[in-house]
Amino acid sequence: MTENSFRLWAEFFGRASEKHFRRGVLFTSAMLAIGGAFSPLHPAHAQWAVYDGANLVENVLIAARTLQQIDNQITSLTNQAQMLVNQGRNLASLPLSTLGTLQSTISQTTALLAQAQNIAYSVQSVEQQYQQAYTSISSGMSDSTLFSQAQTRWQNSVAGLEDALKLQARVVGNIPSDSSAMTQLVSASQTSTGALQAAQAGNQLMALQSRQLSDIQAELAANGRAAELERARQAANEAGAEAQYQHFAHYDAYVPEAVSIPGSGN
């Protein structure tokens, strides 16, 4: 049942109350008139109508109490109709929904995280590639291998910084849409007609805040990833430089040979 239907019922019951009251008055007047004309005759010496005042008063009181009961019932039905109208307002759903926009924004951020270059956001990927390029450095490696690993580490650091910049751009790009959604939800909450609409607007505002927190979490992860890759590169480069120094220290390029001096007899 819609809100307009509830209002129509409330107006109907109000008109019905007034109509019943008028009919009750007319009915009571008619009954009094009839009662006065056809009241029972008591045995008497003369055939005259006897006016029974006590009976008349009792009939009037009964009619008044009956009318009052009817009026109370109509008032109760009117109140119930108004209560149903209020319940209909409280159960009305919010016509605004930002769920689709929030889900689309989260999907875009998730896609950026999945496009992480070289070292993905995966424990298995980190363990495998970190072991190969950052912790497997030894003096037994050739100079070409050490150089190749150093180049790989440099590429990882550059890619990590690029990924962090992309994610920061995405987070900043979400600010205008977030502002528009927040304005719409606050306006819908302030103009809500019932408790359900106000609650739904509040829930969507909380969902918007949760999405913004996920953006911050993703940005912190990207920035931390780039910073850790750079620190790991510096530490690995120190180990690589030590290995190259060991190569140089153990390499003896001088070979003694006999030298002849021109003009000498030897």
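Is Arg233 buried or exposed, judged by its relative accessibility? Arg233 counts as buried, because its relative accessibility is 19% and the cut-off for buried is under 20%. Keep in mind as we go that this is a predicted model.

Let us stay with Arg233 for a moment, since its side chain has a partner. Arg233 forms a salt bridge with Glu230, and the closest N and O atoms are 2.8 Å apart. Both residues lie in helix H6, three residues apart, which is about one turn of the helix. Glu230 counts as partly exposed, at 24% relative accessibility, whereas Arg233 counts as buried.

Helix H6, which covers residues 195-250, offers another such pair. The side chains of Arg211 and Asp215 meet in a salt bridge, with 2.3 Å from N to O. Why are Arg211 and Asp215 separated by about one helical turn? The reason is that they are four residues apart in helix H6. Here both partners are out of reach of the probe for the most part: Arg211 counts as buried at 2% relative accessibility, and Asp215 is buried with a relative accessible area of 3%. Coming back to Arg233, its 19% relative accessibility also counts as buried. Salt bridges that share partners join Asp178, Arg211 and Asp215 into one network.

Now move to helix H5, which spans residues 143-190. There, Lys166 forms a salt bridge with Glu162, and the closest N and O atoms lie 3.6 Å apart. Because Lys166 and Glu162 are four residues apart in this helix, about one helical turn separates them. Lys166 counts as partly exposed at 39% relative accessibility, and Glu162 is partly exposed too, with a relative accessible area of 35%. Side chains of opposite charge can pair when their charged atoms come close. How many salt bridges does a search of the whole structure find? The search finds seven, and the pairs of Lys166 with Glu162, Arg211 with Asp215 and Arg233 with Glu230 are among them.

Back in helix H6, Gln197 is worth a visit. This residue is buried, with a relative accessible area of 10%. Which residues does Gln197 touch, not counting those up to four places away in sequence? They are Ala92, Ser93, Leu94, Pro95 and Ser192. Take Ala92: Gln197 and Ala92 are 105 residues apart in sequence, yet their C-alpha atoms are 6.5 Å apart in space. With Ser93 you can look at individual atoms, as the backbone oxygen of Ser93 lies 3.2 Å from a polar atom of the Gln197 side chain.

The aromatic side chains make a good last stop. The structure holds one aromatic pair. Tyr130 and Tyr134 form this pair, and the two rings are stacked, at 4.8 Å centre to centre with 15 degrees between the planes. Both tyrosines lie in helix H4 (residues 123-135), four residues apart, or about one turn of the helix. Tyr130 counts as partly exposed at 34% relative accessibility, while Tyr134 counts as buried at 6%.

Finally, a ring can also sit beneath a charge, as Tyr121 shows: the charged end of Arg225 sits over the Tyr121 ring, 5.2 Å from its centre.

Conventions
Residues numbered from 1 in each chain as written. Predicted model: local features only at pLDDT ≥ 70, side-chain atom pairs only at ≥ 80, totals over all residues. Heavy atoms only, no water. Salt bridge = Lys/Arg side-chain N within 4 Å of Asp/Glu carboxyl O. Helix = DSSP H or I, 4+ residues; strand = E, 2+ residues; numbered from the N terminus. Buried < 20%, exposed > 50% of the residue type's maximum accessible area, 1.4 Å probe, protein only. Contact = heavy atoms within 4.5 Å. Polar contact = N/O pair within 3.5 Å; in protein donor to acceptor, adjacent residues only side chain to side chain. Phe/Tyr/Trp six-rings, centres within 6.5 Å; stacked < 30°, edge-to-face > 60°. Lys NZ or Arg CZ within 6 Å of the ring centre and 35° of its normal.
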